[in-house]
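Please look over the sequence and the structure below. The report that follows goes through a few selected features.

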Amino acid sequence: MKRIIAAVLILIVYSCSGDKNANVAAPAPSLPVLTISNAAAVTSVTYPASIQGTVDIEIRPQVNGNLEKIFVDEGQYVTKGQSLFKINEQPYREQYNNALASLHAAQAALLNAQLEIDKLTPLVQNKVVSDYQLKTAKASHSIALSTIEQAKAIVASAKINLGYTLITAPVSGYIGRLPKKQGSLVGVTDVEPLSRLSDVHEVYAYFSLSENDFIQFKEQYPGITISDKIKKLPPVQLLLADTKAYAQSGHIDMVDGQFDKNTGAITLRATFPNPQGLLRSGNTGKIQLQLDHANVLLVPQESTMEIQDKIFVFTVGADNKVTKQPILVSGKSGTDYLVGEGVKSGDKIVFSGFENLQEGTVIQPENIKKQLAKN
């Protein structure tokens, strides 16, 4: 009997001890807490851009004829004045020779008219013949002078056409495709050019801003006029099609005079040096502009979580109780979000370790300081 009573007492003691442990609450989790504040920041925004050489021209024939020679290959670099194409010159050389012959005949007619004047002048003075014949001779002389001027013009025109049979490079640059082959008949009315020639020692990157973006763009930089603002713009970066940044920075040097009525956008131009010829006309990329923000609220991206396209932070109240709070992100600056709504300067948020945190949980905050990124 004594053993039974002892066992019952032991069970009662263990039972009371278990109930006591069950009523003890788990300790509050200790988590790092950050006080957010306003600061200066720089954000980047990109715009699709199309790239062209500073000179991007079509090479077209200015006379008709058979393409006799092609002196260059596709993609070749040529210098100004270098021969590109040769059109059969024989018809134009004959036209030139014929024009020269006409000029020589006109010069002979002028000499003959002058001789007639020289013969009649003393006869008229001695009243041997009437002055009517002298006047006629002088009129013939004037006609001969006019014929010479006309012949000279025809010779000059024939010489120009003869010169057009040799097509040379108007600028230094790279030759494009060559759709016409040797022996092809070419003409001034052809729809397709002989080739294109691009001077790409510098390139133009054209991009467009919407009306709202352009207003914000103008407000970013000092100056009264657009020309003043352009002079004070910082360098811009070109992101290539593979998203890598082009090694050379550029500068914006042109703003279009009007908005496109169809798209509601305005075109800007940035110029980039291209000493190695890595960029060609027709390349695409993105212009990256930097925008300065003097006083914005920054929240570390690592302190946020995304749920169903919404971004949340855990705010910490005065009682150390956490609340899941949605925020409105207006941009990115380095590793930080620019926040427009949802929290305000001075609010405390859980910096990290909130993956399993529940709404309304009381935590033990560990205040930390973090240098927010500014680029």
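## Two residues with positive phi

In this predicted model, Asp309 is exposed, with a relative accessibility of 72%. The cut-off for that label is over 50%. Asp309 sits in the loop that runs between β14 (305-307) and β15 (310-316). Its phi is near 65°, which is a positive value in a residue that is not glycine. In general, most residues other than glycine have a negative phi.

Asn320 also has a phi near 65°, again positive and again in a residue other than glycine. The loop that holds Asn320 joins β15 and β16 (322-333). At 27% relative accessibility, Asn320 is classed as partly exposed.

## Salt bridges

How many salt bridges does the structure hold? The number is 9. One of them is between the side chains of Glu58 and Arg196, with a distance of 3.2 Å from N to O. Glu58 belongs to strand β2 (residues 38-59) and Arg196 to strand β9 (residues 195-210), so this pair ties together parts that lie 138 residues apart in sequence. Glu58 is partly exposed, at 40% relative accessible area. Arg196 is partly exposed too, at 37%. Both residues belong to a network of salt bridges that links Asp56, Glu58, Arg60 and Arg196.

Another salt bridge is found between Lys86 and Glu89, where the closest N and O atoms are 2.9 Å apart. Is Lys86 buried or exposed? Lys86 is buried, because its relative accessible area is 14% and the label applies under 20%. Its partner Glu89 has a relative accessible area of 23% and is partly exposed.

A further salt bridge joins Glu116 to Lys119, with 3.5 Å between the closest N and O atoms. Both residues are in helix α2 (residues 90-125), where they are 3 residues apart, or about one turn of the helix. Glu116 is partly exposed, with 31% relative accessible area, and Lys119 is partly exposed as well, with 46%.

## The largest pocket

Empty space can be found by rolling a probe the size of a water molecule over the atoms. The largest pocket has a volume of about 210 Å³. Its lining is made up of 14 residues. Which of them lie nearest the centre of the pocket? They are Ile175, Gly176, Arg177, Ser195 and Arg196. Arg196 is thus named here as well as in the salt bridge with Glu58.

Two elements, β7 (173-175) and β9, give two or more residues to the lining of this pocket. Strand β9 gives the most, with 3 residues. Sorted by class, the lining has 5 nonpolar, 4 polar and 5 charged residues.

## A residue in helix α5

Asp228 is placed in helix α5, which covers residues 226-231. With a relative accessible area of 28%, Asp228 is partly exposed. Which residues does Asp228 touch, leaving out those up to four places away in sequence? Asp228 touches Pro222 and Gly223.

Note on methods:
Residues are numbered from 1 along each chain as its sequence is written. This is a predicted model: local features need pLDDT of at least 70, side-chain atom pairs count only at pLDDT 80 or more; totals for chains, interfaces and linings use all residues. Side-chain values use heavy atoms; hydrogens and water are left out. A salt bridge is a side-chain nitrogen of Lys or Arg within 4 Å of a carboxyl oxygen of Asp or Glu. Helices (H or I, at least four residues) and strands (E, at least two) are DSSP runs, numbered from the N terminus. Buried means under 20% relative accessible area, exposed over 50%, partly exposed in between (1.4 Å probe, protein chains only). On a 1 Å grid over the protein atoms alone, a cavity is a set of points where a 1.4 Å probe fits but cannot get out, and a pocket is an open set with protein on both sides within 12 Å along at least five of seven lines; lining residues have an atom within 4 Å of a point. Grid points are joined across faces, edges and corners, and a volume is the space filled by probe spheres set on the points. Ala, Val, Leu, Ile, Met, Phe, Trp, Tyr, Cys and Pro count as nonpolar, Asp, Glu, Lys and Arg as charged, and the others, Gly among them, as polar. Contact means heavy atoms within 4.5 Å.
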